[in-house]
Amino acid sequence: MNDIDCHCCYGLHMNSDLSLRTATKEDADGISAVIHDAIMQINAKDYLPSEIARLMLNFTSDKVLALMATRQTLVAMSGGIVIGTGALQGAKVKSVFVSPDWNGRGVGTALMKKLEEHAVR
């Protein structure tokens, strides 16, 4: 997925230096933090506390690194900080998470479009 670097980002609703790129192992902590924040602040109302605890354990930095070995993973970046992530396994989108601070601003849409483009290749 090396050909996915992008600065166009599909009409995002913000003025920023947002870009999408292939995740590297150095991004694992940032990816984990985005996922944890999204689960706790956005998704928690949809799951039982026991499910939230399990999800949190599934996305530690070490587990994110392990998943990156089996999935094509993107990050959305702004100011050198991971603000979103998405993963593709084969032609199937496995996950998309966006920092709650960036929710509703087009980051998830941009990630999905890039993942879908790559999935159909």
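This is a short tour of the structure, stop by stop, for a viewer session.

**Stop 1: the whole chain**

Start with everything shown and colour by confidence, keeping in mind that this is a predicted model. The mean pLDDT of the chain is 88, with 87% of the residues at 70 or more. Now select residues 1–5: here the pLDDT is below 50, and the stretch has 17 contacts in the model beyond near neighbours in sequence. Residues 7–11 are also worth a click, since pLDDT stays under 50 there too. For that second stretch the model has 10 contacts beyond four places in sequence.

Switch to a cartoon and you should find 4 helices and 4 strands. Walking from the N terminus, the elements go β-α-α-α-β-β-β-α. Of the 121 residues in the chain, 45% are buried. If you like contact maps, try one here: among contacts with a separation of 6 or more, 58% are between residues 24 or more positions apart.

**Stop 2: the sheet**

Select the strands next. They make an open sheet of 4 strands in the order S1-S2-S3-S4, with antiparallel pairing. Which strands sit at the edges? They are S1 (19–22) and S4 (92–98), each of which pairs on one side only. Look along the sheet and you can follow the twist, which averages 20° from one strand to the next.

Zoom in on S3 (residues 81–89) and S4, an antiparallel pair joined by 6 bridges. One spot to label is Thr85, which stands opposite Phe97 in S4. Then slide to the turn of this hairpin, where 2 residues lie between the strands. Pick Gly90 and check its backbone torsions: phi is positive, near 65°.

**Stop 3: Thr73 in strand S2**

Move over to S2 (72–78) and select Thr73, which is in that strand. Is Thr73 buried or exposed? Its relative accessibility is 9%, so Thr73 counts as buried, the cut-off being under 20%. To see what surrounds Thr73, leave out residues up to four places away in sequence and show the rest of its contacts. You will get Arg21, Thr22 and Ala23, then Ile31 and Met68, and finally Thr85, Gly86 and Ala87. Thr85 is the residue you labelled a moment ago opposite Phe97.

**Stop 4: Thr70, in the loop before S2**

Step back along the chain to Thr70, in the loop between helix H3 (61–68) and S2. Thr70 has a relative accessibility of 48%, so it counts as partly exposed. Draw a C-alpha to C-alpha distance from Thr70 to Gln89: the two are 7.1 Å apart in space and 19 residues apart in sequence.

**Stop 5: helix H1 and its partner**

Now select H1 (residues 28–43), which lies across S2, S3 and S4. Against S4, H1 runs at about 75°.

Add helix H2 (residues 49–58) to the selection. How far apart are the axes of H1 and H2? They are 9 Å apart, and the helices pack at an angle of about 160°. That angle makes H1 roughly antiparallel to H2, because angles over 145 degrees count that way. The crossing of the two helices is right-handed.

Finish by showing side chains at this contact. From H1, turn on His36, Ile39, Met40 and Asn43. From H2, turn on Ile52, Leu55 and Met56.

Key
Residues are numbered from 1 along each chain as its sequence is written. This is a predicted model: local features need pLDDT of at least 70, side-chain atom pairs count only at pLDDT 80 or more; totals for chains, interfaces and linings use all residues. Side-chain values use heavy atoms; hydrogens and water are left out. Two strands pair if DSSP finds at least two bridges between them. Axes are lines fitted to C-alpha atoms, for helices over the stretch in contact, and angles run from 0 to 180 degrees between N-to-C directions. Contact means heavy atoms within 4.5 Å. Buried means under 20% relative accessible area, exposed over 50%, partly exposed in between (1.4 Å probe, protein chains only). pLDDT is the predictor's confidence in each residue, from 0 to 100. Angles under 35 degrees count as roughly parallel, over 145 as roughly antiparallel, 65 to 115 as roughly perpendicular and the rest as oblique. A crossing is left-handed if the near helix is turned anticlockwise from the far one by less than a right angle, and right-handed if clockwise.
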